[in-house]
Amino acid sequence: DLIRGMYNVLSKTQKIALVNMARIIFTANGSSVYDFKNHPMFSDLLLNLQVNFREAVSEFDRSGEPGVVTELTKAHDKNNDLIMMVMPLLPFTGDQFGPNEQRIEKFYELLVEIGYQQSEIDSEIEKMIALSQMFGMK
């Protein structure tokens, strides 16, 4: 479980914040939390982060988007390679028609708030695209 191991450097609260970041991105265009829970990548996200969605909902209700940003900023400040851990959230920026502008904007907005430059984000996305093409994934 290489993917799961990647998240071992994060605290439980930071893992919950990543789930809530995916929720914030997905619902940025007005989609419901119910639809988020039915996203094909939702179960993998919870499994990889070893987070129970009820915990994520409870934390989100308590601290909202500012709490998500605060927790992930702490992870970024510790020099964890947080941006690599956030890239698996990219599928949540799309909808049945492809990339969703509102979701993509929210993805960037959150990463900038956490402390990344737009050029860093673009560079990581380009790497992810190149890797997925190299391994025949689209």
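# Aromatic rings, salt bridges and helix 7

Phe 26, Phe 36, Phe 42, Phe 53 and Phe 92 come together as one aromatic cluster. The model in which this cluster appears is a predicted one. In the whole structure the count comes to 6 aromatic pairs. One of them joins two members of the cluster: the ring centres of Phe 42 and Phe 53 are 5.1 Å apart and their planes stand at 85 degrees, so this pair is edge-to-face. Phe 42 belongs to helix 4 (residues 42–49) and Phe 53 to helix 5, so the pair ties together parts that lie 11 residues apart in sequence. Both Phe 42 and Phe 53 are buried.

A further ring pair is found between Phe 107 and Tyr 108. Their ring centres are 6.2 Å apart and their planes stand at 85 degrees, so this pair too is edge-to-face. Phe 107 has a relative accessibility of 1% and therefore counts as buried. Tyr 108, at 18%, also counts as buried, because the limit for that word is under 20%.

Between helix 4 and helix 5 there is a loop, and Gln 50 is found in it. Phi of Gln 50 is near 55 degrees, which is a positive value in a residue other than glycine. With 45% relative accessibility, Gln 50 counts as partly exposed.

Next comes helix 7, which covers residues 101–114. What span should its 14 residues have at 1.5 Å a residue? The expected span is 20 Å, and the end C-alpha atoms of helix 7 are 20 Å apart, so the two values agree. Glu 101 is found in this helix, and its relative accessibility of 54% makes it exposed. The C-alpha atom of Glu 101 is separated by 23 Å from that of Leu 72, a residue 29 positions away along the chain.

At the start of helix 7, a side-chain oxygen of Asn 100 reaches to within 3.1 Å of the backbone nitrogen of Gln 102. Just after the helix, Gly 115 takes a positive phi of about 130 degrees.

Which residues of helix 7 are buried? They are Arg 103, Lys 106, Phe 107, Tyr 108, Leu 110, Leu 111 and Ile 114. These buried residues pack against several other elements: helix 2 (12–27), helix 5 (53–77), helix 6 (82–86), strand 1 (94–95) and helix 8 (118–134). Arg 103 also has a link to the aromatic cluster described at the start. Its charged end sits over the ring of Phe 26, 3.9 Å from the ring centre, and Phe 26 is one of the cluster residues.

The list of buried residues in helix 7 includes charged ones, among them Lys 106. Side chains of opposite charge can pair when their charged atoms come close. The structure holds 6 salt bridges. In one of them, Glu 65 pairs with Lys 106, and the closest N and O atoms are 3.1 Å apart. Glu 65 lies in helix 5 and Lys 106 in helix 7, so this salt bridge ties together parts that are 41 residues apart in sequence. The two partners fall into separate classes of exposure: Glu 65, at 24% relative accessibility, counts as partly exposed, while Lys 106, at 15%, counts as buried. Glu 65 and Lys 106 are also linked with Glu 109 in a network of salt bridges.

Other salt bridges are found within helix 5. The side chains of Glu 59 and Arg 62 meet in one, with a distance of 2.7 Å from N to O. The two residues are 3 apart in helix 5, which means that about one helical turn separates them. Is each partner buried or exposed? Glu 59 is buried, with a relative accessible area of 18%, whereas Arg 62 is exposed, with a relative accessible area of 63%.

Lys 74 and Glu 71 form another salt bridge, in which the closest N and O atoms are 3.1 Å apart. They too are 3 residues apart in helix 5 and so are separated by about one helical turn. Lys 74 has a relative accessible area of 43% and is partly exposed. Glu 71, at 14% relative accessibility, counts as buried.

Conventions. Residues are numbered from 1 along each chain as its sequence is written. This is a predicted model: local features need pLDDT of at least 70, side-chain atom pairs count only at pLDDT 80 or more; totals for chains, interfaces and linings use all residues. Side-chain values use heavy atoms; hydrogens and water are left out. Helices (H or I, at least four residues) and strands (E, at least two) are DSSP runs, numbered from the N terminus. Buried means under 20% relative accessible area, exposed over 50%, partly exposed in between (1.4 Å probe, protein chains only). The expected span of a helix is 1.5 Å times one less than its number of residues. Contact means heavy atoms within 4.5 Å. A polar contact is a pair of N or O atoms within 3.5 Å; within protein, one must be able to donate a hydrogen and the other to accept it, and residues adjacent in sequence count only if both atoms are side-chain atoms. A salt bridge is a side-chain nitrogen of Lys or Arg within 4 Å of a carboxyl oxygen of Asp or Glu. Rings of Phe, Tyr and Trp (its six-membered ring) pair if their centres lie within 6.5 Å; planes under 30 degrees apart count as stacked, over 60 as edge-to-face and the rest as tilted. A charge sits over a ring if NZ of Lys or CZ of Arg is within 6 Å of the ring centre and within 35 degrees of the ring normal.
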